[in-house]
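Dear colleague,

I am handing over the structure below, together with an account of what was found in it. Please read the notes with the model open beside them.

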Amino acid sequence: MIANDLQYRVTQRAARDFEKSLARLDVDAGERPEWVRRAMREAIESQLADLRGELAAYDALRAGHVRALDLDSLDQLPEALIRGRIAAGLSQKDLAARLGLREQQIQRYEARRYAGASLDRIQAVADALGMQIHEHVVLPASRIDVVGHEDDEHA
């Protein structure tokens, strides 16, 4: 996932490099057997597609085309916070200023995907971004078996 403008520029350069590699592959066609060229082309095209997807996702966030993110677990919350910052049009420095923190702290949080951040801090980040989190919590299965009787040991 691209998290900032620097990563975006690096990803753009990498995509251009892969495009150049594809063009060179066609120019150097006689130097390798067809099956090798085909395998190389598929690998390069796959990597290029991944990079283009990352760029498109970042562009969509920045342009305000993404209004909601679906989370399947709390593990996905850190990435949602980063995407929320991008969608809000804020740099890491801007978010830090809203929270009264140093930019480096936001950089560390994002680099480590908010590992070690308290729940209060995560809530403060979400609030500073204007994010609303609406989701249900799925509770563990009941101790009642499928025919509707309680387990014998708990009856």
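Is Arg85 buried or exposed? The model is a predicted one, and in it Arg85 is buried, with a relative accessible area of 2%. The cut-off explains the label: a residue counts as buried when its relative accessible area is under 20%. Arg85 belongs to helix 3, which covers residues 77-87.

**Surroundings of Arg85**

Leaving aside residues up to four places away in sequence, Arg85 is in contact with Ala3, Asn4, Leu90, Ser91, Gln92, Leu95, Glu110 and Leu129. One of these contacts, Glu110, is also a salt-bridge partner: the side chains of Glu110 and Arg85 meet at 2.6 Å, N to O. Because Glu110 lies in helix 5 (residues 103-111) and Arg85 in helix 3, the pair ties together parts that are 25 residues apart in sequence. Glu110 is buried, with a relative accessible area of 2%. Arg85, at 2% relative accessibility, counts as buried. As general background, side chains of opposite charge can pair when their charged atoms come close.

Gln92 touches Arg85 and Glu110. Its other contacts, again not counting residues up to four places away in sequence, are Asn4, Glu103, Ile106 and Gln107. Gln92 is found in helix 4, residues 92-99, and at 11% relative accessibility Gln92 counts as buried.

**Salt bridges in helix 2**

The whole structure contains seven salt bridges, according to the search made of it. Besides the pair described above, two that involve Glu34 deserve a description here.

In one of them, the side chain of Glu34 meets that of Arg37, with an N to O distance of 2.3 Å. Both residues lie in helix 2 (residues 34-62), where they are three residues apart, about one turn of the helix. Glu34 is partly exposed, with a relative accessible area of 43%, whereas Arg37 counts as buried at 17% relative accessibility.

Glu34 also forms a salt bridge with Arg38, and here the closest N and O atoms are 3.6 Å apart. Glu34 and Arg38 are both in helix 2 and four residues apart, again about one turn of the helix. Arg38 counts as partly exposed, at 43% relative accessibility. The Glu110 and Arg85 pair, by contrast, ties together parts that are 25 residues apart in sequence, with Glu110 in helix 5 and Arg85 in helix 3. Glu34, Arg37 and Arg38, for their part, are joined into one network by salt bridges that share partners.

**Helix 1**

Which residues gather in a patch of positive charge on the surface? They are Arg9, Arg13, Arg16, Lys20 and Arg24. Arg9 lies in helix 1, which covers residues 5-27. With a relative accessible area of 41%, Arg9 is partly exposed.

Asp5 has its place in helix 1 as well. Asp5 is partly exposed, its relative accessible area being 40%. When residues up to four places away in sequence are not counted, Asp5 touches Tyr58 and Arg62. Asp5 can also be set beside Ser91: the two are 86 residues apart in sequence, and their C-alpha atoms are 8.5 Å apart in space.

**The loop between helix 5 and helix 6**

Two residues with positive phi are found in this loop, and they may be worth viewing together. As a general matter, most residues other than glycine have a negative phi.

Arg113 has a phi near 55°, a positive value in a residue other than glycine. Arg113 is found in the loop between helix 5 and helix 6, the latter being residues 119-129. Tyr114, which is not a glycine either, has a positive phi of about 60°. Tyr114 also lies in the loop between helix 5 and helix 6.

How is each of the two covered? Arg113 counts as partly exposed, at 34% relative accessibility, whereas Tyr114 counts as buried, at 3%.

With kind regards

Notes. Residues numbered from 1 in each chain as written. Predicted model: local features only at pLDDT ≥ 70, side-chain atom pairs only at ≥ 80, totals over all residues. Heavy atoms only, no water. Patch = residues over 30% accessible without salt bridge, like charges linked within 9 Å, V, L, I, M, F, W, Y side chains within 5 Å. Areas by Shrake-Rupley, 256 points an atom, 1.4 Å probe, with all protein chains shown as cover. Salt bridge = Lys/Arg side-chain N within 4 Å of Asp/Glu carboxyl O. Lys, Arg positive; Asp, Glu negative; His and termini not counted. Charge placed at Lys NZ, Arg CZ, Asp CG, Glu CD. Buried < 20%, exposed > 50% of the residue type's maximum accessible area, 1.4 Å probe, protein only. Contact = heavy atoms within 4.5 Å.
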